[in-house]
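Here is a short briefing for a first look at this structure. Please keep the sequence and the 3D view open as you read.

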Amino acid sequence: EGSLVIPQIYKARRNLILETSAEQLSIILGSVLGDAYIYPQGKICFEQSADQKKYLLWKYNILKDLSYPKVARVIRFDRRYGKRNTSYRFFLRQYFRSLRHIFYVAGRKIVPDCLSEKLNPLVLAVWYMDDGHLEHGKYPLFATEGFSDNDIESLAKMIFYKFGVETKIDSKRRIRISGSCLSKFFKLVEPWVYPNLRYKLP
């Protein structure tokens with residue numbers, strides 16, 4: 001894990017070579033920490049609820065030269081509540097098999113050590129927009145319950161070493177920004193927070 005490197009250049013079929021911009025790679029990495037899923041063959045799915053369609057389109061517009069040319073509406077029926085849920089999604093083309101190998105072990109999403117060198121305020125902001133919320137209108141939390149305990153601790157350490165932002169891991173295995181570092185955290189992410197997600201700021 002520690003010897004892996006997250007690439008900026010990716011190879012596809014027929015010797016196609018693709019170079020991502022720093023902005024594109026940051027949005028991909030922040031999304032993978034959040035809601036995005038990398039398929040074994042290397043395509044990446046980005047999906048948001050209908051309420052967050054504009055946020056999804058913001059990602060799509062930046063990533064569209066890497067994407068299949070369609071943002072699709074998805075309707076799922078939730079039998080528990082007898083309700084239809086609408087979301088929107090798009091896929092990046094099958095360039096990203098190497099990222100799949102870095103971020104998944106035995107089919108489970110992990111936090112690779114090499115993420116630390118690519119962690120920047122945009123990665124942090126996209127991850128927060130995907131998987132974060134304000135508790136009590138004040139304390140930012142990241143929904144990290146899907147990661148292992150070791151990976152949650154790794155993420156907390158990366159946030160501290162990269163940004164000097166202290167965190168706590170709560171009883172529900174979520175990462176919470178410490179009260180003494182709220183101002184520092186919001187200063188890092190605020191420039192990137194999409195307008196309809198500014199409710200995640202104080």
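Start with one residue pair: threonine 167 stands opposite isoleucine 177 in strand 12. The model is predicted. Strand 12 covers residues 175-177, and 3 bridges join it to strand 11. These two strands run antiparallel.

**The sheet with strands 9 to 12**

- Strands 11 and 12 belong to an open sheet of 4 strands, in the order 9-10-12-11.
- The pairing in this sheet is antiparallel.
- Strand 9 (132-135) and strand 11 (167-169) are the edge strands, and each pairs on one side only.
- On average, neighbouring strands of this sheet are turned by 30 degrees against each other, direction ignored.
- Helix 6 (residues 182-189) lies across strand 9, strand 10 (139-142) and strand 12.
- The angle between helix 6 and strand 10 is about 65 degrees.

**The sheet with strands 3 to 6**

- Another open sheet of 4 strands has the order 3-4-6-5.
- Here too the pairing is antiparallel.
- Its edge strands are strand 3 (37-38) and strand 5, each pairing on one side only.
- Strand 3 is joined to strand 4 by 2 bridges, and the two run antiparallel.
- Tyrosine 37 has cysteine 45 as its bridge partner in strand 4.
- Cysteine 45 also has a bridge partner in strand 6, namely phenylalanine 91.
- Strand 4 (residues 44-49) and strand 6 (residues 83-92) pair over 6 bridges, in the antiparallel sense.
- Strand 5 (residues 72-78) pairs with strand 6 over 7 bridges, again in the antiparallel sense.
- Arginine 76 stands opposite asparagine 85 in strand 6.

**Hairpins in that sheet**

- Strand 3 and strand 4 form a hairpin, with 5 residues between them.
- In its turn, glycine 42 has a positive phi of about 105 degrees.
- Strand 5 and strand 6 form a hairpin with 4 residues between them.
- The turn there holds glycine 82, with a positive phi of about 60 degrees.

**A closer look at arginine 89**

- Arginine 89 is found in strand 6.
- Its relative accessibility is 25%, so arginine 89 counts as partly exposed.
- Not counting residues up to four places away in sequence, arginine 89 touches Cys45, Phe46, Glu47, Leu56, Lys70, Val71, Ala72, Val74 and Arg76.
- Arginine 89 and lysine 53 are 36 residues apart in sequence.
- In space, C-alpha to C-alpha, arginine 89 and lysine 53 are 8.7 Å apart.

**Helix 2 and its cover**

- Which residues of helix 2 (residues 53-63) are buried? They are Tyr55, Leu56, Trp58, Lys59, Tyr60, Ile62 and Leu63.
- What covers the buried residues of helix 2? The cover includes helix 1 (22-33), strand 4, strand 6 and helix 4.

**Helix 1 against helix 4**

- Two packed helices are described by the angle between their axes and the distance between the axes.
- Helix 1 and helix 4 pack at an angle of about 40 degrees.
- Their axes are 7 Å apart.
- The crossing of helix 1 and helix 4 is right-handed.
- Helix 1 makes the contact with Glu23, Ser26, Ile27, Leu29, Gly30, Ser31 and Leu33.
- Helix 4 makes it with Leu122, Val123, Val126, Trp127, Asp130 and Asp131.
- By class, the residues in the contact of helix 1 with helix 4 are 7 nonpolar, 3 polar and 3 charged.

**Helix 4 against helix 5**

- The axes of helix 4 (residues 121-131) and helix 5 (residues 149-163) come within 12 Å.
- They cross at roughly 140 degrees, so helix 4 is oblique to helix 5.
- The crossing of helix 4 and helix 5 is left-handed.
- On the helix 4 side, Pro121, Leu124 and Trp127 make the contact.
- On the helix 5 side, Leu155, Ile159 and Phe163 make it.
- The contact of helix 4 with helix 5 has 6 nonpolar residues, no polar and no charged ones.
- Trp127 of helix 4 takes part in the contact with helix 5 and in the contact with helix 1.

How values were computed
Residues numbered from 1 in each chain as written. Predicted model: local features only at pLDDT ≥ 70, side-chain atom pairs only at ≥ 80, totals over all residues. Heavy atoms only, no water. Axes fitted to C-alpha atoms, helices over the stretch in contact; angles between N-to-C directions. Parallel < 35°, antiparallel > 145°, perpendicular 65-115°, else oblique. Left-handed = near helix turned anticlockwise from the far one by under 90°. Contact = heavy atoms within 4.5 Å. Nonpolar A, V, L, I, M, F, W, Y, C, P; charged D, E, K, R; others polar. Pairing = 2+ DSSP bridges. Buried < 20%, exposed > 50% of the residue type's maximum accessible area, 1.4 Å probe, protein only.
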